[in-house]
Protein chains: 4
Amino acid sequence: MTEAASRKSFGSDNHAGTHPAVMRAIVEANTGDAIAYGADPWTEKAVAGIRQLSGAQGEVYLVLNGSGANVLGLGLLLGRHEAVICAESAHINTDECGAAERILGTKLLTVPAPDGKITPELIATRLVGRGDEHFAQPAVVAVTQSTEYGTCYSLDELRAIKEFCAANGLRVFLDGARLANAAAYLGCTLADLAGLADVLSFGGTKNGAMGVEAVVVMQPADTPSARYLRKQHMQLSSKMRFLGAQFNALLADDLWLANAAHANAMAARLATGLAAIPGVEVVYPVQADAVFARLQPGHIAELQRDWIFHVWDESASVVRWMTAFDTQESDVDAFLSDIAAAAGAVRV
Amino acid sequence: MTEAASRKSFGSDNHAGTHPAVMRAIVEANTGDAIAYGADPWTEKAVAGIRQLSGAQGEVYLVLNGSGANVLGLGLLLGRHEAVICAESAHINTDECGAAERILGTKLLTVPAPDGKITPELIATRLVGRGDEHFAQPAVVAVTQSTEYGTCYSLDELRAIKEFCAANGLRVFLDGARLANAAAYLGCTLADLAGLADVLSFGGTKNGAMGVEAVVVMQPADTPSARYLRKQHMQLSSKMRFLGAQFNALLADDLWLANAAHANAMAARLATGLAAIPGVEVVYPVQADAVFARLQPGHIAELQRDWIFHVWDESASVVRWMTAFDTQESDVDAFLSDIAAAAGAVRV
Amino acid sequence: MTEAASRKSFGSDNHAGTHPAVMRAIVEANTGDAIAYGADPWTEKAVAGIRQLSGAQGEVYLVLNGSGANVLGLGLLLGRHEAVICAESAHINTDECGAAERILGTKLLTVPAPDGKITPELIATRLVGRGDEHFAQPAVVAVTQSTEYGTCYSLDELRAIKEFCAANGLRVFLDGARLANAAAYLGCTLADLAGLADVLSFGGTKNGAMGVEAVVVMQPADTPSARYLRKQHMQLSSKMRFLGAQFNALLADDLWLANAAHANAMAARLATGLAAIPGVEVVYPVQADAVFARLQPGHIAELQRDWIFHVWDESASVVRWMTAFDTQESDVDAFLSDIAAAAGAVRV
Amino acid sequence: MTEAASRKSFGSDNHAGTHPAVMRAIVEANTGDAIAYGADPWTEKAVAGIRQLSGAQGEVYLVLNGSGANVLGLGLLLGRHEAVICAESAHINTDECGAAERILGTKLLTVPAPDGKITPELIATRLVGRGDEHFAQPAVVAVTQSTEYGTCYSLDELRAIKEFCAANGLRVFLDGARLANAAAYLGCTLADLAGLADVLSFGGTKNGAMGVEAVVVMQPADTPSARYLRKQHMQLSSKMRFLGAQFNALLADDLWLANAAHANAMAARLATGLAAIPGVEVVYPVQADAVFARLQPGHIAELQRDWIFHVWDESASVVRWMTAFDTQESDVDAFLSDIAAAAGAVRV
């Protein structure tokens, strides 16, 4: 199926296009020559902006996509014999075709995590075999904020993880492909979140950019190899100015936050509307831009005739609906109307 | 040094921006939602276009940059115990921070290659130890067309390599980051060139795109793992339509060829002008968009005050000057004038 | 703790030394010069013997240890984007410091497996995302026979796995570090077991050898890269004759089977004795050379003063006791006596 | 060809068997149970002995073979973006089937090295691109002592390399598969040699052991990950006592040095004899246990009918003859006699 949607897709926040302000910035950056690989004013401004926003003392690296950001970021914290503790549902575990294992050679020690959120207690279950050469040594805890299930860690929950990690010789990597949505939900600053990680990714693509993510290194000591590894991991863009320009647009007037707040609001509107539809069960708290719902299988098939979205767990009959910066209230309402119709149309 | 050039840079063909037609196509693709990861009409059209242009029977994969294209393409042809024969000057050897070794785990068997071009004779010197388990087994020959030195293999030269490889159980990978420049120089079709390789990259970025390359697999049998590896290698773009749109613009009315022909012409103009300047020696045949020249060290320093370019080999006092799709005759003439002045201004 | 046990250790079957017949064969092979790396008569004989015993149509490769055998064997069946389905308790997952991920770059898709044995039903739970480029593609099922818990798959159970795999495009790798113990328990031939795998390891070390394992490739088509990968994986012995000699001794008069049968019998004797000791619970069926038992924590500490063994799961208070080719009935009886004393001596 | 030689082979120092004292130590270690993986008295003694002999402040790790020692040792000194400078003729480059690239993902930056010996001047040619993210960053210089050509670095030569490296932010890895031969030739201690490296291997196998090498880490700071990586690299032996016993025998009464001195003397005797044979040219200084000689191709074929040895460079008609701890004067003399006969028998 290849398709430009005639209606709004609820399939993914990356089914959306590029925010007009971001597109404008890209077009405006297309002026004459510029040094390649990041030594250009657009990139410099973006990097400085993200450093300030995140409170990073280390460096910031623009990369091409989310997998690139995760692999680069994780790798900065890992020795060759070390392993990552993460939720079973973590993007790095389920959605990157084994990139962490292939590119970093690392082992992922997964824990089943309700609502996609790990806890010190869950982390502790994976700390067996430390000091025993037969075991890959856990060294990094990877958290996703907001999570793959559309939930958000509270700052207290993240702080508890950070403190547990500090006390147990573990570092924290934060997969922030949708970090903006968490900041919008929590009403906190990016620095509040970044300060609870050692290295994080800060996503642009799912938040209105055309295609750019940032790897943010909080402490200078973790920085030295990063730019070499970005190149080696095939994440160094030559005409980098067009990545820098995207982040500059997102950072101007806090567009990044407004986009995320809007997407969150649309997911909340969808969830609110679903509450009134019998036979549809929202299965995770709706705190970011995703709604996971359980429907009758027949309803799903019916709805997919007109709308684009993913069946998340076929056996459980659970679907994922995502909103984006450009979802309109009218999109949500039309979708709700069709969901209601589908739910009514199928005999349970 | 971070800089948006006030004058045309001769530093690299990726110091240039995005061709206006490419930028227009990107903007026009920004319309509503589209399925992510390539199942969109822009990508489909680009892939179909490149398949037709190259005569590929296998598949075409859009990726994010040149290193990504090289690593993905090479990997399709390599077993885990196999090695790549390439010129010492090959981009995969000198310019990718060891990505081939790190990401593929492969060994590069390099040969010194005059003018950047390898030959069956040079390849033959690296075929020792075949069948001996102590040796990484040569399996792929990588050629760059046009080469890192701005030279082009003739079709006969490529055919000789292909035939030698076929006779010796070797596959051919072609690094085509500047393949368009070779087609323009040789006056041949893309299919003429692609047909002499097993897998190739076809570069967009250095030829007017914002950032996109294609991996072209000539035979279907080499295809099966490619899309998984593209993801695993962190080269799968989510909002892929913006990659597809770029190639669509390049393919329309053979813009790819016109851009390359123009850049070649500007390099030729530069070389012609240099012939009249004493103390400047052009060190490789100028067949694509690059001019390598030997200057007095003092001349180099003088010129770099106003112009951006790379010193290629400091000990040999050789510089690299590159043109691009947007280089103007007046840029070349102004540069020539300054080169002449610098050459005259320094006492030898 | 470094220790040469004054009493028999029940810590591991590799706490035992070398069987006298194996040692004799090693000494006898120490005669004059021999070609290195396997082109010697001892290795040839061992390879031929193992091929015949296993019914392999492919080749047999002697390697240095169990991790080497597992990584080499698995790798023969895996593309770079492919994953392995195995039990959580699999040695490759828990005991090799992440070698599969590091050396092969592969992902392990684990399932919780009661008694250490996976089933078609458990395998099926891991077959999500096939054909979806975001998922590492399951390609190999790894079974351990006898298992890490001292249990054995029946031939029917293995056949069901093999048939399920064949029907689902999966290959079977068998970790046979203790394959001899399974053959002894099941009363079947090695070929009966090997025929239900595509590639297997056949362990010598835990069965009386000094240090040697074999990788057995059942079909010729899986063979070509194996000897190169053995070298690249640092598993090629130069003075290979001393590996070959070990297997020759094990194969002569079916010593491999007699050793395993003896170890099994000693474990059975231990289990039988335990049944009479209150407060000690045997937690897995005792079918090979291991007994897993739940004791009071205080009993464990008491016993470890005089005997060497591993606490398998501290939180569950479960220990592992292993026998070997050289365990004597009197060793078992003395151990049982001390267990009974410890169990009686601690107030619950 | 599989063959137990009826005459002494001059093919390799690993065509020899195991020194009787080493074999005796192995047999004597076969007494009852011992903790696996190195926590046994034999290993402890060997490790302590090698630490003392080498003057290492870091740790010593016994491994299974030379490739394992090289890969483990190099890896301790390398970040993921870093490269190794070594001679083209280095074993890690030519003889390990690409293990360094595959297992470590590192790039080897080779230099042509006369007599197999690199120099600060040669190293300096590979220090381009430092600080430039496009280049794999040179971090380690690997030297082989004695070299693959049977030559030895003087202590002054090694000191010059070490000082150059220290001044240039490089570490030194020493491949000491034949380090004993160098100590014997130079008349120096092992500590004299080890002190000029950061990490080294110390070979047992080619010097009379059955199969064992040591990785010696000179500074404690380089130690922490080593034992995990040894396991992950499949170099951890379970019945380690049999590795420890081998080194204990070699260290007792300096057998390691006597064995090496004897092999060196036999090579010297061979070289001396060759000087009197017209048509045979010794091509490298004979300083260890190897003699490289240029013969008429016809002579080579003639000699290989009765003697086992490698043609090193077929195009140059150069062969390699190696002696070992067990080569007898009479072996050398018989070989010389046949060489003379062959040389005389063929019309030039």
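**Entry 1: helix 1 and helix 11, chain A**

I started with a helix pair: helix 1 and helix 11 of chain A pack at an angle of about 140 degrees, and their axes are 8 Å apart. That angle makes helix 1 of chain A oblique to helix 11 of chain A. I noted the handedness too: helix 1 of chain A passes helix 11 of chain A in a right-handed crossing. I should say here that I am working from a predicted model.

Next I listed who touches whom. From helix 1 of chain A I have Ala21(A), Val22(A), Ala25(A) and Ile26(A), and they meet Phe242(A), Ala245(A), Gln246(A), Ala249(A) and Leu250(A) of helix 11 of chain A. Sorted by class, this contact has eight nonpolar residues, one polar residue and no charged residues.

Then I looked at helix 1 of chain A by itself, residues 20–28. I find Ala21(A), Val22(A), Met23(A), Ala25(A) and Ile26(A) buried there. What covers them? I see helix 11 (241–251) and helix 12 (255–274) of chain A among the elements doing it, and from chain B helix 1 (20–28) and helix 11 (241–251) are included as well.

**Entry 2: helix 8 and helix 12, chain C**

I moved to chain C for another pair. Helix 8 (residues 179–186) and helix 12 (residues 255–274) of chain C have axes that come within 8 Å and cross at roughly 75 degrees. Helix 8 of chain C and helix 12 of chain C are therefore roughly perpendicular to each other. On the helix 8 side of chain C, I wrote down Ala180(C), Asn181(C), Ala183(C), Ala184(C) and Tyr185(C). The helix 12 side of chain C gives Trp256(C), Leu257(C), Ala260(C), Ala261(C), Ala263(C) and Asn264(C). By class I get nine nonpolar, two polar and no charged residues in the contact of helix 8 with helix 12 of chain C.

**Entry 3: Phe325(A)**

I went back to chain A for a loop residue. Phe325(A) sits in the loop between strand 11 (318–322) and helix 14 (329–345) of chain A. Is it buried or exposed? With a relative accessible area of 12%, Phe325(A) is buried; the cut-off I used is under 20%.

I checked what surrounds Phe325(A), leaving aside its neighbours within four places in sequence. Its contacts are Ala16(A), Gly17(A), Thr18(A), His19(A), Pro20(A), Asn207(A), Gly208(A), Asn259(A), His262(A) and Ala263(A). I also took one C-alpha separation: Phe325(A) and His15(A) are 310 residues apart along the chain, and their C-alpha atoms are separated by 11 Å.

**Entry 4: interfaces of chain D**

I looked at chain C against chain D. There, 58 residues of chain C are in contact with 58 residues of chain D. The area buried between chain C and chain D comes to about 4,800 Å², and carbon and sulfur atoms give 56% of it. Which three residues of chain C supply more of its buried area than any other three? I find Asp33(C), Met234(C) and Lys239(C), with 17% of the area that chain C buries against chain D.

For chain D against chain B, I have 21 residues from chain D and 21 residues from chain B. Between them, chain D and chain B bury about 1,600 Å², with 45% of it on carbon and sulfur atoms. In chain D, Cys97(D), Arg102(D) and Lys107(D) lose the most area to chain B, together 37% of what that side buries.

I followed one residue of chain B from here. His134(B) lies in the loop between helix 6 (120–124) and strand 4 (137–144) of chain B, and at 7% relative accessibility I count it as buried. Leaving aside its neighbours within four places in sequence, His134(B) touches Tyr37(C), Lys231(C) and Leu236(C), and also Thr94(D), Asp95(D), Glu96(D) and Cys97(D).

**Entry 5: backbone oddities**

Most residues other than glycine have a negative phi, and most peptide bonds are trans. I noted some exceptions. Met234(B) is not a glycine, yet its phi is positive, about 65 degrees. Met234(B) lies in the loop between helix 10 (226–232) and helix 11 of chain B and counts as buried at 0% relative accessibility. Tyr37(D) also has a positive phi, near 65 degrees. I place Tyr37(D) in the loop between helix 1 (20–28) and helix 2 (41–54) of chain D, partly exposed at 22% relative accessible area.

For peptide bonds, I have a cis one from Gln145(C) to Ser146(C), with omega near -10 degrees. Ser146(C) is in the loop between strand 4 (137–144) and helix 7 (155–167) of chain C. In chain D, a cis peptide bond joins Gln145(D) and Ser146(D), with omega about -10 degrees.

Notes:
Residues numbered from 1 in each chain as written. Chains lettered and ligands numbered in written order. Predicted model: local features only at pLDDT ≥ 70, side-chain atom pairs only at ≥ 80, totals over all residues. Heavy atoms only, no water. Buried < 20%, exposed > 50% of the residue type's maximum accessible area, 1.4 Å probe, protein only. Helix = DSSP H or I, 4+ residues; strand = E, 2+ residues; numbered from the N terminus. Contact = heavy atoms within 4.5 Å. Axes fitted to C-alpha atoms, helices over the stretch in contact; angles between N-to-C directions. Parallel < 35°, antiparallel > 145°, perpendicular 65-115°, else oblique. Left-handed = near helix turned anticlockwise from the far one by under 90°. Nonpolar A, V, L, I, M, F, W, Y, C, P; charged D, E, K, R; others polar. Buried area = accessible area lost by both parts, 1.4 Å probe.
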